[in-house]
Amino acid sequence: MRPGLSALAAALTLCVRLVTPALAQGSRADYERAAQDNPAAQRLLASLRVEPRWLGGGAALWCQSVASDGSRRWVRVDVNSGQVADLFDAPALAEAFRARGVASPGGAPAIQRLEADETGAWAILAGSDKAWRITFSPLRVEAHPWPEAAPLLVGAAPPDPQGRSTELLFVNLGSQPVEAFWLNPGGGARSYGTIAPGEVKRQHTYSGHAWRFDRPDGSVVGRCEGAEDIAAIVLADAPLPGAQRRESEAPPEPQLGQPSQPPEVPRAVLRDGGLQIAPAGSADFSPVDLGLPGGYRASGPLLLSPNGRHALFLAARPAPEHIVTLVESSPPDQVQPRTLQFNYPKPGDEIDAVMPVLVDLASASRIPIDDALFPTPWSLDRFEWDNDGSGFTFLYNQRGHQVMRVLHVEAASGAARAIVDEACPTFFDYTNKTFLHRVHATGELIWMSERDGWNHLYLYDERAGRLKNQITSGDFVVRRVEWVDEARRQVWFSACGLDPSGEPYYIHFCRVNFDGSGFVVLTRDASGTHEVEFSPDKRSFIDSFSTTELPPQAVLRRADDGRPIAVLGAPSLDLFTRTGFTPPERFTAKGRDGATDICGLIFRPSNFDPAKTYPVIENIYAGPHDAHVPKSFTVRYGLTDLVELGFIVVRIDGMGTNWRSKSFHDVCWKNLVDAGLPDRIAWMKAAQDGVCPQMDLTRVGIYGGSAGGQNALAALLTHPEFYKAAAADCGCHDNRMDKIWWNEMWMGWPVGPHYARQSNVTLAPNLRGRLLLTVGELDQNVDPASTMQVVNALIKADKDFELIVVPGAGHGAGESPYAARRRQDFFVRALMGVEPRWE
């Protein structure tokens, strides 16, 4: 054969191989493999976390360092010199333990828990509950009770597979976002992100490790500890049992950290829906008639002015309740069904009317406040007195979330004026991008805004009510202000969009001066998404960072310029690939406009054959409150059940999701049906053309839960030429049926005809592909009637579909073992054209 024909024949052979479907998909072996979740990789990841314990106020620290080969040793680090030394001589310590009759296989003691100070340590060895005191100089060990003041910390040895490594399931049923903090036994708290209202989040932890949950105003929702079994932690507006105040919080009277009242002024408390005042030096409280409008009652909290002359609190007139009734068909304790009723406000409903009440304590009279600048509040919060008690500020968020104002009220007259007065043609992301900090000493205020197209910080003159300067600027997003150093006039914050790789979502830690000068990215030299933990003196910090392909690294850095002091953790990916773990492939392509980067992940089966093609399933959640594709290292993506059946699974952040430019986010405005689907389709086509030609885009499915359930069905109804099958769990299919706060934020208020136009109920007659609907009959997050109204519309349109209603189940019923297995079978049949062979 001539050379040219030979090359052509080889190319044709390759083309034939690339379009050969994988035939073993959906087999019993695939199902068995899909049931595995690589516990070895999970245990390995849990064992590699570097947890510093600071000494001398931050001059030194000790921790368990991790080398690239996974070996671990206890070290002490001198922050000033960067010297890293063994915390103790391991062979000598093993000999000391042997002298006490304790053998150390491998020549070094396997320490499960350790707590050190300047002179020694307390230790508990792996496989034992006996505590020992280790004295460093001279080295000796002796049995010693674990001191009550020294917390227990899982440390050197990998967690006990019998139950020390566990998970918590955070379920936010409240109306506000809640931030989860891991409480370091050595002091301090580390944020593990925000759980949005309605969100369910899995969190790895250890049994006995403590967690605290805070509202945006800093108040504590509650606390919990990891248990040996996976536990669900329900976060609600009412305090959890055992909820505690932080040590820094003041006792209940007066509230919210306000200064105690001087003894020479009247005292005030809120009781029975009203204000009661006692004369100076007396404990005899009497109700005061403040002439509140009809139906208004004091709802707290009570904030007393620093000079003791005025009291401030919120009064509210409750709105009519919107009662949702659910039927529990099969109660475990009785034969007959029963009903469950609860208040569930929905978009367009009347909301509680609130008003601030200002009281002159000496005359026991109300001072009217001019409400012209806050006529239709969604919320009034962030109340804060001036240091001298002459006035106070608060934040006004107008219903519809298109106007926000920081207002100042004069205590003597009740006159209100605007310090910040900002309008937005779309929406303010008030749950994620609201920050205000008053600098009382200089009469300034720091404010967060997306007015220039990116989320940034601004400095205001409080007294003049004018902008002084923009603090941060550029094509990046300020994620969170960590703290404000008023003495040095600096802001420390995290941001995304600054990674040297160009990855827009990686989080870095930064510092800037109030006037915008001195901007520095303290973690810029390491690509990845970063978490930081500062020393008590804030002169250094531990930088923990990773990517989806890079396991967590840990570097001790100087706080002034971010220079590395010492590497404390450097595990390699090889450690995980030896367990059978394969990280997903990161891929970036242009979106619908041909210009904007869209980022996502590609997951391939472990028995992937590059010569074959595979159907594709997208796991979607396009809720605008966040970005949802993992950016940091993990070994648990929750996708194994489908990937190992022989599907290529993808996760993508399309336009309309959070943490990019304002224009990127605004795609969701009154447009939730869009769900970034045009970007997702463009991304998959680019992936097939580039890094993954094995993707068979004639067989594409999609699934998701909650907002993801709405997105999955919308994909099938609005893009049937691309998506052929969808599994939609507990979807908020009509935004008029879902919770008020989440839907009005993105879809706007008042409720307009766009709500109905974008409803999956309205679009149901467009169904062309295969559909599986699942819902829990007791879902209190998304009204299950939302799914049933889709069912009704599909029946009226004479459309075929599958429906699973899970008795007794709540939100996320589609992830229950039965429903998840049915989802597997559904996609095997719909996209592979074969019957599942798991029996």
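# Pockets, a helix and some odd angles

The second largest pocket in this predicted model has a volume of about 510 Å³.

User: Which residues are the closest to the centre of that second largest pocket?
Analyst: The lining of the second largest pocket is made up of 24 residues. Strand 44 (597-603) and helix 6 (640-643) are the elements that give two or more residues to it. Closest to the centre are Gly580, Phe581, Thr582, Thr640 and Glu644.

User: And how many of the lining residues of the second largest pocket are charged?
Analyst: Let's go class by class. The lining has 10 nonpolar residues and eight polar ones. That leaves the charged class, which comes to six.

User: What about closed spaces: which element gives the most to the lining of the second largest cavity?
Analyst: The whole structure holds six cavities of 30 Å³ or more, and the second largest has a volume of about 100 Å³. Its lining counts 17 residues, with Ala622, Pro624, Leu672, Ala675 and Asn711 nearest the centre. By class, nine are nonpolar, seven polar and one charged. The top contributor, with three residues, is helix 9.

User: Is Gly676 buried or exposed?
Analyst: Gly676 sits in the loop between helix 7 (662-666) and helix 8 (677-689). Beyond its neighbours within four places in sequence, it touches Arg592, Gly654 and Met655. Its relative accessible area is 0%, under the 20% cut-off, so Gly676 is buried.

User: How far apart in space are Gly676 and Asn711?
Analyst: Along the sequence, 35 residues separate Gly676 and Asn711. In space, going from C-alpha to C-alpha, the distance is 9.2 Å.

User: Why do the buried residues of helix 13 line one face of the helix?
Analyst: Helix 13 covers residues 785-796, and its buried residues are Ser786, Thr787, Val790, Val791, Ala793 and Leu794. Looking down the helix axis, these residues line one face because they fall within an arc of 165 degrees.

User: Which residues are exposed on the other side of helix 13?
Analyst: The buried residues of helix 13 pack against helix 9 (707-718), helix 12 (760-763), strand 49 (770-776) and strand 50 (802-806). Over on the other side, the exposed residues are Ile795 and Lys796.

User: Asp798 follows helix 13; is Asp798 buried or exposed?
Analyst: Asp798 belongs to the loop between helix 13 and strand 50. Its phi is positive, near 60 degrees, though the residue is not a glycine. With 68% relative accessibility, over the 50% cut-off, Asp798 counts as exposed.

User: Where is Arg382, and what is its phi?
Analyst: Most residues other than glycine have a negative phi. Arg382 is in strand 27 (residues 377-385), and at 26% relative accessibility it counts as partly exposed. Although Arg382 is not a glycine, its phi is positive, at about 55 degrees.

User: Which residue does a cis peptide bond join to Pro750?
Analyst: Most peptide bonds are trans. Pro750 is in the loop between helix 10 (740-747) and helix 11 (753-757). Omega of this cis bond is about 5 degrees, and the partner of Pro750 is Trp749.

User: What is omega for the cis bond from Ser137 to Pro138?
Analyst: Pro138 lies in the loop between strand 8 (131-135) and strand 9 (140-143). The peptide bond from Ser137 to Pro138 is cis, with omega near -5 degrees.

Technical notes
Residues are numbered from 1 along each chain as its sequence is written. This is a predicted model: local features need pLDDT of at least 70, side-chain atom pairs count only at pLDDT 80 or more; totals for chains, interfaces and linings use all residues. Side-chain values use heavy atoms; hydrogens and water are left out. Helices (H or I, at least four residues) and strands (E, at least two) are DSSP runs, numbered from the N terminus. The expected span of a helix is 1.5 Å times one less than its number of residues. Buried means under 20% relative accessible area, exposed over 50%, partly exposed in between (1.4 Å probe, protein chains only). The arc is that of the directions from the helix axis to the C-beta atoms. Contact means heavy atoms within 4.5 Å. On a 1 Å grid over the protein atoms alone, a cavity is a set of points where a 1.4 Å probe fits but cannot get out, and a pocket is an open set with protein on both sides within 12 Å along at least five of seven lines; lining residues have an atom within 4 Å of a point. Grid points are joined across faces, edges and corners, and a volume is the space filled by probe spheres set on the points. Ala, Val, Leu, Ile, Met, Phe, Trp, Tyr, Cys and Pro count as nonpolar, Asp, Glu, Lys and Arg as charged, and the others, Gly among them, as polar.
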